[in-house]
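Student: I'd like to practise reading a protein model feature by feature. Could you walk me through this one?

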Amino acid sequence: MNQPISTETIYNAQATNWLRSEKVLLSDFTARPRVLEALGEITDQDILDFGCGEGYVSRMLLEAGAKSIFGIDSSAEMISQAQTMAKELKLFNASYTEGNAVTFNQFPKTSFDKAIAVFLFNYLTIEEMTQVMSKVRSLLIPGGTFVFTVPHPCLPFMREETPPFYFEHGDKSYLDGINQTFEGKIWRRDGIPVSVRCVHKTFAHYFEALTQAGFNSMPEVKELAVTDEHLAFDPEFFSPLKGYPLHVLFKVKAND
């Protein structure tokens, strides 16, 4: 039996297709701007970026006034891209390091004002996700905010395997595909696809993991989709996804 390709291998091989300084990927339009919106005021705040990739979101946060960014990603090539971009742009308050989100513990600070995990948990099992959430909870200041996004749990079962976004669920259903890995692709507007994957979880698993991690307030939950603005901007690209739930954004406070 062939061994599955690791997430690190996938992202190391396609790191250059993720590098960007403006909106290119589908989710750069449909999800990442909503992360910044959910974070709210970030001026002079220290932010932890789990699964930072090549640093696209963290660069936007610094432009918006964040005091510092510490990013972690398991892909050496993605981290190299992030470090290079930070150096070229003279973002001396951005720090990136290679590491596994589940086991990493070499943080430069004992606490952060806010934390994000943009499409990280779809690469982790339920158990691994819960461990990372517990780590985030321990690193946030009292009242700190945690925002994360994941593919919508229903999407793999609603869309055919066609551009510009899909996951392959095979013969698995919503309830018997739990903790199973679904391979997929998400497209750039220039027609280039990048490989993504989703370790399937139901909505209940996200709520349960947050509770087990020590978050004791109800999270805000937003289902993200193509908007009228997206359709007006590029109808050919966005129209195939009209009406589908694409991603979910969770926002939760670290209340005592």
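Student: Let me start with a single residue: where is P164 found?

Tutor: Keep in mind that this is a predicted model. To place a residue, look for the elements on either side of it. P164 sits in the loop that runs between α8 (155–158) and β6 (165–167). The peptide bond there deserves a look too: P163 and P164 are joined by a cis peptide bond, with omega at about 5°.

Student: What does the fold contain overall, counted in helices and strands?

Tutor: There are 11 helices and 10 strands in the protein chain. For overall dimensions, compare the radius of gyration with a rule for globules. Here the radius of gyration is 17 Å and the globule rule gives 18 Å for 256 residues, so the protein chain is as compact as a globular protein of that length. Along the principal axes, its C-alpha atoms fill a box of roughly 45 × 45 × 40 Å.

Student: How should I read burial and contacts for the whole chain?

Tutor: Take burial, then sequence separation, then surface. Of the 256 residues in the protein chain, 53% are buried. Among contacts between residues at least 6 apart in sequence, 71% join residues at least 24 apart. The protein chain exposes about 11,700 Å², and carbon and sulfur atoms supply 50% of that area.

Student: And how many positive and negative side chains are there?

Tutor: The protein chain carries 23 positive and 32 negative side chains. Looking at where the two sets are centred, you find the centres 4 Å apart.

Student: Can we follow one residue in detail? Which strand holds V252, and is V252 buried or exposed?

Tutor: V252 belongs to strand β10 (residues 247–253). Its relative accessibility is 1%, and the cut-off for buried is under 20%, so V252 counts as buried.

Student: What is V252 in contact with, beyond its neighbours within four places in sequence?

Tutor: The partners are G144, T145, F146, L210, F215, S217 and P219. Take T145 as an example: V252 and T145 are 107 residues apart along the chain, yet 5.9 Å separates their C-alpha atoms.

Student: How many disulfides should I look for?

Tutor: Here is the general idea. A disulfide is a covalent bond between the sulfur atoms of two cysteines. In this model the count comes to 0 disulfides. C154 is in none, and its nearest cysteine sulfur, that of C198, is 11 Å away. For a disulfide, the two sulfur atoms would have to be within 2.5 Å. C154 is partly exposed because its relative accessibility is 25%, whereas C198 is buried, with a relative accessible area of 5%.

Student: Now backbone angles. Which sign does phi have in D44, and where does D44 lie?

Tutor: When reading phi, check its sign together with the residue type. D44 has a positive phi of about 60°, although D44 is not a glycine. D44 lies in the loop between α4 (32–39) and β1 (46–50), and D44 is exposed, with a relative accessible area of 58%.

Student: What is phi of K90 near, and which loop contains K90?

Tutor: Phi of K90 is near 60°, again a positive value in a residue other than glycine. You will find K90 in the loop between α6 (76–88) and β3 (94–98). With a relative accessibility of 57%, K90 counts as exposed.

Technical notes:
Residues are numbered from 1 along each chain as its sequence is written. This is a predicted model: local features need pLDDT of at least 70, side-chain atom pairs count only at pLDDT 80 or more; totals for chains, interfaces and linings use all residues. Side-chain values use heavy atoms; hydrogens and water are left out. Helices (H or I, at least four residues) and strands (E, at least two) are DSSP runs, numbered from the N terminus. The radius of gyration is taken over C-alpha atoms; the globule rule is 2.2 Å times the number of residues to the power 0.38. Buried means under 20% relative accessible area, exposed over 50%, partly exposed in between (1.4 Å probe, protein chains only). Contact means heavy atoms within 4.5 Å. Accessible areas come from the Shrake-Rupley method with a 1.4 Å probe; for residues, only the protein chains shown count as cover. Lys and Arg count as positive and Asp and Glu as negative; His and the chain ends are not counted. The place of a charge is taken as NZ of Lys, CZ of Arg, CG of Asp or CD of Glu.
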